[in-house]
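User: Please take one strand of this model and go through it closely. I would like its partners, its surroundings and how covered it is.

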Amino acid sequence: MRWSKLKKRIEDGFADAAKGRVEVWVTRYRDAHDEEGEAWITIDKKRVHSMGSFAYLNALAARKVQLHNCCVEAGGNPRPYGFHEEAELQLSQEGIVDHYGFQAALFDYLNRSIDDVLQSPVAVVRALGMVDRRLGKRRLRTLDLADEHALVCRLHHARCTFEGVATAGAVVAPVSARG
C-alpha cells in the first residue's frame with residue numbers, strides 16, 4: 001500500500017475532534033544507504049514524536065551492548081548471536097522504532113480491535129489508540145495512564161483537550177482555535 005493511502009486510512013480513523021490536528025508522517029532519504037528515513041507524529045502541526053532510522057540503529061546497538069553487559073555481570077553466558085530480538089522489543093515498547101517499524105506499527109494498528117490497540121506492546125500503536133474514534137469519551141476519561149509512555153500520555157491529553165473531556169478531577173475546556 002502506498003504511503004498516502006496508509007496515511008489516509010490511519011487519519012480517517014481518528015476521532016472527529018482529532019482529524020486534521022493529529023497527523024502521521026514518513027519520509028525517506030533517497031540518497032542514504034538503503035533509503036533510510038524518518039517518521040513523526042504532529043499535533044497542530046508541531047512535531048511531538050520522531051522516529052528516525054539512524055537514531056534507531058544507534059539505540060539498537062547501544063541496547064544490545066547493554067543487554068550483553070548485564071548478562072556478563074550476572075554471571076551468565078552471552079548468547080552467541082547477541083540480543084537483537086530482545087533489544088528490538090524493548091525499544092518498540094519505549095516508542096523507539098525506525099520508519100519501517102513505524103509503518104509496520106501502522107498496519108498492525110489498522111488490523112486490531114480498539115481493545116487490542118490499547119493492550120499492544122508497541123507504544124506507537126497504543127498512542128494512536130488515544131485519538132482513535134473507536135475509543136469513546138467515557139472510556140477515554142477513565143483510562144489509567146500512570147505507567148504509560150510519554151507519547152501515549154501526550155496524545156491522550158491532546159484528545160481530552162480537543163474533546164473537552166475532564167480527567168483526574170480536572171476540567172478541560174474545549175479547544176476551538178487551531179494553533
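Analyst: In this predicted model, Val 22 stands opposite Ile 43 of strand E2. Another bridge links Arg 28 with Gly 37 in E2. Both belong to the pairing of E2 with strand E1 (residues 22-28), which is antiparallel and has 7 bridges.

E2 also pairs with strand E3 (residues 46-52), again in the antiparallel sense, over 6 bridges. Here Ala 39 has Met 51 of E3 opposite. The connection between E2 and E3 is a hairpin with 2 residues between the strands. Asp 44, in that turn, has a positive phi of about 50°.

Together the strands make an open sheet of 3 strands in the order E1-E2-E3, with antiparallel pairing. E1 and E3 are at the edges and each has a single partner strand, so one side of each lacks a neighbour in the sheet. From one strand to the next, the twist averages 20°.

As for cover, E2 spans residues 37-43, and 7 of its 7 residues are buried. In a regular strand, side chains alternate between the two faces of the sheet. On one side of E2 are Gly 37, Ala 39, Ile 41 and Ile 43, and on the other are Glu 38, Trp 40 and Thr 42. Both sets are buried, that is, both faces of E2 are covered. Helix H2 (residues 53-73) lies across E2 and E3. The angle between H2 and E3 is about 55°.

Key:
Residues are numbered from 1 along each chain as its sequence is written. This is a predicted model: local features need pLDDT of at least 70, side-chain atom pairs count only at pLDDT 80 or more; totals for chains, interfaces and linings use all residues. Side-chain values use heavy atoms; hydrogens and water are left out. Buried means under 20% relative accessible area, exposed over 50%, partly exposed in between (1.4 Å probe, protein chains only). Helices (H or I, at least four residues) and strands (E, at least two) are DSSP runs, numbered from the N terminus. Two strands pair if DSSP finds at least two bridges between them. Axes are lines fitted to C-alpha atoms, for helices over the stretch in contact, and angles run from 0 to 180 degrees between N-to-C directions. Contact means heavy atoms within 4.5 Å.
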